[in-house]
Amino acid sequence: MIGKIKKGRSFGGCIRYVTQKDDAKIIASEGVLLGTAEEMARSFRWQCLLNPDVTKPVGHIALSFKPEDAPRLTDAFMASLAEEYLELMGIRNTQFIVVRHHGTDNPHCHIVFNRVDFDGKVISDSNDFRRNERVTKCSRTNIHSPIPKANSPLKRKSCTLPRG
């Protein structure tokens, strides 16, 4: 798994980019009013009002997997990997959507999240590229473990990272 992190100002532009492809499918979400791209962007912007000083509230992560992993990557399994990635990165207590694309040879998904959490605190981006490297390396070594049963959390004891 490879993760590519970006930060930005416009939820509207980011959400249109990830959702308005022919093959786009929302496979997970938290705290977002799902609907049109504009309705979702508005939902994200409302939460930003909790901390209007944040100039780049948009978090966008693209997670790409190897083509040979495609048969294992059901929507549910990819969603659980994306949610585990967010947890290991310290991105919690905030809005997000996970959108899967099928238009390339390598399976991938996009995570759009709000850097302003449910309590109005900013989700730190300090050392996020270093954390991303460790989390994706850990996930690459464990993606070939047995597929978990539906609704069971992934167990990655070797992937425990320091919090914060």
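## Helix α1 and its buried face

The buried residues of α1 pack against four elements: α2 (37–48), β3, β4 and β5. This is a predicted model. Within α1, the buried positions are Phe11, Gly12, Cys14, Ile15, Val18 and Thr19. These residues lie on the same side of α1, because they span an arc of only 165° around its axis.

## Overall layout

The protein chain has 164 residues, and 46% of them count as buried. It contains four helices and five strands. Along the sequence, these elements follow the pattern β-α-β-α-β-α-β-β-α.

Long-range contacts feature strongly in the count. Among contacts in the protein chain with a separation of 6 or more, 77% join residues 24 or more positions apart. The exposed surface of the protein chain is about 9000 Å². Carbon and sulfur atoms supply 52% of that surface.

## The sheet

The five strands form an open sheet with antiparallel pairing. Their order across the sheet is β1-β3-β5-β4-β2. Strands β1 (2–8) and β2 (25–30) are the edges, and each pairs on one side only. On average, neighbouring strands of this sheet are turned by 15° against each other, direction ignored. In general, strands of a sheet pair through backbone hydrogen bonds, either parallel or antiparallel.

Take one pair in detail. Strand β3 (residues 58–64) and strand β5 (residues 108–114) run antiparallel, joined by seven bridges. One contact point is Ser64, whose bridge partner in β5 is His108. Helix α1 (residues 11–19) packs on this sheet, where it touches β3, β4 (96–101) and β5. The direction of α1 makes about 160° with that of β5.

## Nonpolar cores

In soluble globular proteins, nonpolar side chains tend to be buried together. Here the largest nonpolar core holds 25 residues. Those touching the most other members are Ile61, Leu63, Phe65, Tyr85, Ile91, Val98 and Ile111. Two or more residues come from each of β2, β3, α3 (75–89), β4 and β5. Helix α3 gives the most to this core, with nine residues.

Another core lies apart from it and has 14 residues. Its members include Phe11, Val32, Ala37 and Val99. Phe11 is also one of the buried residues of α1.

## Two residues up close

Ala76 lies in helix α3. Its relative accessible area is 59%, so Ala76 is exposed, the cut-off being over 50%. Ala76 and Ile27 are 49 residues apart in sequence. In space, their C-alpha atoms are 7.2 Å apart.

Asn51 lies in the loop between α2 and β3. Asn51 has a relative accessible area of 18%, and it counts as buried because the cut-off is under 20%. Which residues is Asn51 in contact with, leaving aside its neighbours within four places in sequence? They are Val116, Gly120 and Val122.

How values were computed:
Residues are numbered from 1 along each chain as its sequence is written. This is a predicted model: local features need pLDDT of at least 70, side-chain atom pairs count only at pLDDT 80 or more; totals for chains, interfaces and linings use all residues. Side-chain values use heavy atoms; hydrogens and water are left out. Buried means under 20% relative accessible area, exposed over 50%, partly exposed in between (1.4 Å probe, protein chains only). Contact means heavy atoms within 4.5 Å. Accessible areas come from the Shrake-Rupley method with a 1.4 Å probe; for residues, only the protein chains shown count as cover. Two strands pair if DSSP finds at least two bridges between them. Axes are lines fitted to C-alpha atoms, for helices over the stretch in contact, and angles run from 0 to 180 degrees between N-to-C directions. A nonpolar core is a set of buried Ala, Val, Leu, Ile, Met, Phe, Trp, Tyr and Cys residues joined through side-chain atoms within 4.5 Å. The arc is that of the directions from the helix axis to the C-beta atoms.
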